[in-house]
Each structure stands twice: as C-alpha cells, then as structure tokens.
Amino acid sequence: MTGVRSTPGDDSKMGWKRSRPTKWWMSLWKAMKYVFYIQIIGGLAVGSIAFCIMFLDFNSSDLCYDSQQQNWTSLPGQIQAFIVTGLVMESYVVQMWQFCLVISMFGWPLVKKLNLLTLNLLGAFFDTCYRLCLQVYGIYDQNWISIPLHVLFLTIVLMNAILVGRNIGNNSETERYRKRKKTVKVSAILAAQFLFGIPITWGIGYGLIPLYGRQNETYRAVIATTFPLVIVIPRIIVRLAAQRIDFLHPGESHMLSSALYISAMIVFRVMQAELTSLKLFILLSFVHGFVDLIERLTIVVRDYLWYFIYKKLLKRDTDAEAILSADKFRTPRSMRFIADMSIQMILGESTALIAAVGFTQMYDFMYNNNNSPSFTDMQLVANFFTRVSIALSIDLMFNSFSFWLQMSYLNVAVVQVWKKKWRKHMVVGLILTTVTMCYFTTHLFAIVKYQHSSGAAVRHFNCTGPFSRF
C-alpha cells in the first residue's frame, strides 16, 4: 500500500529489494500482465462507456453541430428543444464534477454533514433555469451565454472547497488564526485543478484550436506533440501540494490532479486521432509513450528540483542538502501518490485514446458526404481498430517497461496498489472520463471540424432529428 515491500524482520531501507523475483524476466512478465489488465481490459471497459456517452452526445446536445454554430435560428423548434434538453442533462453531470471527486476522497458521511449534494444540485438547477430562459426568449445563440455558466461552475467549486476546508480546519486546529489558515490552505488545494483548468480551457478554445486549424498537417502534429506542456506548471504545483498534505489518505491524493491530466489527454488524443497520416499518428504515439515513460521515472528527481527552486526563490531555506534530502521526497505518502498517479495515467491514456479515435470516426460517419448510412462500408470500423490497436500496442510496450522499472528499482508498489484498489481506480476513471466528455465535446468538435473544412469538400449533415443518420 505504501510502496515499501520488505521481507519480514528486515527493517533496512533497501530491504524491499530482497522481495523481488530472482529473475528479471519474471518481474517484466508481471509488469506486462498488470499493464495489460489496466490498459487493455480497464481502458477498453471505460473507453466503451465513453464511446456510448459520445454517441448519445452526437444525437442530443451536439445534434446538427454545424447548424448550431452557423445559424441557430434556422433549426426547427423541436430540434432546438431536443438540443437544449441534452445540454441541460449534461450540465447536471458537469456541475457534479467536483462533488463526485469529493465524495470519492472523503466519503458520504462528510458530504451529508456539509449538505454538498444539495448545494451541487442547486447549482445544476440554476444552470437549467438559465438555459431554459435563454431558449424561451430566443437568445440561446448569443456568444456570451457560456460566461455566466463558467462563473456558476467556479462558484460551486469554490463553495465545495471552502466548506470542506472549513470543516477540516475546525476539526484539526484550536486557535482561530490557525483555523483560518488551514481552511484557506485546504480549500486552495481542493479547488486548484479546476481554478487552473478554466483559464486553460478558455485559452485552448479561443487561442490554440483556431491556431491549430490554420496549420497544415505537419504543424498540427507539432502542436499536438507540445500540447501537454500547457498543463506542466499547474500539474507541478498541484502534485507538490498533494504530496505534503495531512488531511487526506495517501491513496486519495491523486484525485487532486487527475481531472486536469485526463482532460488534457483527451484533447491531445483527439488532435492525434484527427491526423489523416497514419505515419504521423504512429510517430506521435512513440513520442508520447517515450515522454510518459521519462515523466514517470523521473518524477521524484523533478520534484527535488522544483521544490529546491521554490525554496530558493522564497529564500526560506538556504541549506541545499536539507532541501534535497531523499527522506523528504521518498516518503510512503509520496511513493503511494506516484503509484496511484501511474495507474491513473495508464488507465486515462488508453481511455482517452479509445474515446478520441471513436470521436473522429463517429464524426466521419455522421457528417459523411453521402447521407445514407455506411454500415456496409467497413472502412471507418477498420480505421478505428487499426489506429487503436497500433497506439495501444506502443503504449503497452512503454508502460510495461515503466512498470518493471518502478517495481524493480524504484520501490513503487504499483502492482500491489492496483490489486487492492482497482475498483476505486476504475470508478474514478469512469467519473473523470464521463464528465470530461460532456464538458469538452464542443472543443473536440472544433478540432475535428477544421480537418474537414480545410478539405476539398465540407461535410454536411441533413439534420432532421436525433438518430436520423441511422
């Protein structure tokens, strides 16, 4: 559980090495087996659910997407009503995003005590009333309508964080000043990934995606490759904070940054899946797999360096030896955090890949130049399985090697954590993927649309109602 696997009666720091298999290939086989469980079986299970959600989204809230963006008023009233109903249902899912993570981290008793369910349902209710009023008064097509919704979402996030932070502060501190300080600290950590995520989302939607659409395919591949850098600084801040908290079980700390990572990976995978060149698609898979491998293996070293820079800038500690003490970073809590994050990264990557490739193929099917269903044409199905199989195979190779090194040389108990907590990881992965697909579909549509709008023929869909393509 904590990452320390020593033999009975051996209290030495390196005693865990004696529990390793005597043959290196036995450890490698064990790593491959559990990566297969996480990435292939777990990823396919969650990815299939994400695909179903995406299918419903195509035929509800994002029905007639092109017409929505170009001329909302040209859509029949019945179609408008169906789209708004789908958006209302998605809003309930999105407004419960942080609530689902809070209940996964702290459990139902705390949620019930603080009435967080009522608060979040109230936020979703306000979201619903706002959308319905806009539709009734015929102004649903205005560009500014998303701004109040983002403000509402941010308000609910902050209220959830403050209520939980105040409860923890009151229970852990006695002095009034310390209670306030604890409340602010806990609230900031709980809300951090969402506070970072909202401006990043705006930057992606209004800056990066239009830039991406103006480029040729080679430059799009470059943009997709560098896209994960967008969340580097926020992830460093949240990760360093998550490893030094005392109000949350070590096994739950990874949820403080998982939403940020999964969201970015889904957007990246859609950029990758949108590339028409299979060679560029494969190249991006190799580059991304290698970068992920280096990231997981050097996380402790990088935390050393970032924490050292942080301390030096604030001039809180000039003793470099004390700052970079191994005991300060390779604690049971940090090792457990790394194990959980490694599992979520692998599970999230495979889920994002399946959802992204499925998204692009679904768009090809729904907005095909030929309005007749193409179930007899197996090209889309073949493309889906070809790209998913290739990318998953590449990821399997890199992830197996990463697991093997973590198990055999870094004392990160990834296998033990998965064996004991696989249900929890699957639930968290499902929550994050579901909400991300509901929240980011508009941006994903914008990415895929650029590919078809830049081609010789723009694809249109004769929109007559939900599931009319079938």
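This is a short talk through one predicted model, from a long helix to its salt bridges, cores and surface patch.

Okay, a bit of housekeeping. Residues are numbered from 1 along each chain as its sequence is written, and side-chain values use heavy atoms, with hydrogens and water left out. Since the model is predicted, local features need pLDDT of at least 70 and side-chain atom pairs count only at pLDDT 80 or more, while totals for chains, interfaces and linings use all residues.

Let's start with helix 16, residues 332-366. Helices here are DSSP runs of H or I with at least four residues, numbered from the N terminus. The expected span of a helix is 1.5 Å times one less than its number of residues. For the 35 residues of helix 16 that gives 51 Å, and the end C-alpha atoms are 50 Å apart, which agrees.

So is helix 16 enclosed or not? Well, 34 of its 35 residues are buried, so the rest of the structure largely encloses it. By buried I mean under 20% relative accessible area; exposed is over 50%, and partly exposed is in between, using a 1.4 Å probe and protein chains only.

Next, salt bridges. The rule is a side-chain nitrogen of Lys or Arg within 4 Å of a carboxyl oxygen of Asp or Glu. That rule gives 9 salt bridges.

One of them pairs Asp246 with Lys182, at 2.6 Å from N to O. Asp246 is in the loop between helix 10 (232-242) and helix 11 (255-273), and Lys182 is in helix 8 (residues 176-213), so this pair ties together parts 64 residues apart in sequence. The two ends sit in contrasting surroundings: Asp246 is exposed, at 58% relative accessible area, whereas Lys182 is buried, at 10%.

Another one joins Arg269 and Asp395, with the closest N and O atoms 2.9 Å apart. Arg269 belongs to helix 11 and Asp395 to helix 17 (residues 379-408), so here the tied parts are 126 residues apart in sequence. Arg269 is buried, at 1% relative accessibility, and Asp395 is buried too, at 6%.

Back in helix 16, Arg336 and Asp340 meet in a salt bridge at 2.7 Å, N to O. Both lie in that helix, 4 residues apart, about one turn. Arg336 is buried at 3%. There's also a network: salt bridges that share partners join Arg269, Glu349 and Asp395.

Which residues does Asp292 contact, leaving aside neighbours within four places in sequence? They are Tyr261, Met345 and Glu349, where contact means heavy atoms within 4.5 Å. Asp292 itself is in helix 12 (residues 278-297), and it's buried, at 6%.

Now the cores. A nonpolar core is a set of buried Ala, Val, Leu, Ile, Met, Phe, Trp, Tyr and Cys residues joined through side-chain atoms within 4.5 Å. The largest has 99 residues, and those with the most contacts inside it include Phe58, Trp97 and Phe247. Not counting residues up to four places away in sequence, Phe247 touches Phe106, Ile168, Val186, Ile189 and Leu190. A second, separate core has 22 residues, among them Val46 and Trp418.

Last stop, the surface. A nonpolar patch there includes Val136, Trp144 and Trp202, and its members together have about 910 Å² of accessible area. Helix 7 (146-172) and helix 8 each give two or more residues to the patch. Patch members have over 30% relative accessible area and no salt bridge, with nonpolar side chains (Val, Leu, Ile, Met, Phe, Trp, Tyr) joined within 5 Å. Areas come from the Shrake-Rupley method with a 1.4 Å probe. Trp202, in helix 8, is partly exposed, at 37%.

Key: Patch = residues over 30% accessible without salt bridge, like charges linked within 9 Å, V, L, I, M, F, W, Y side chains within 5 Å.
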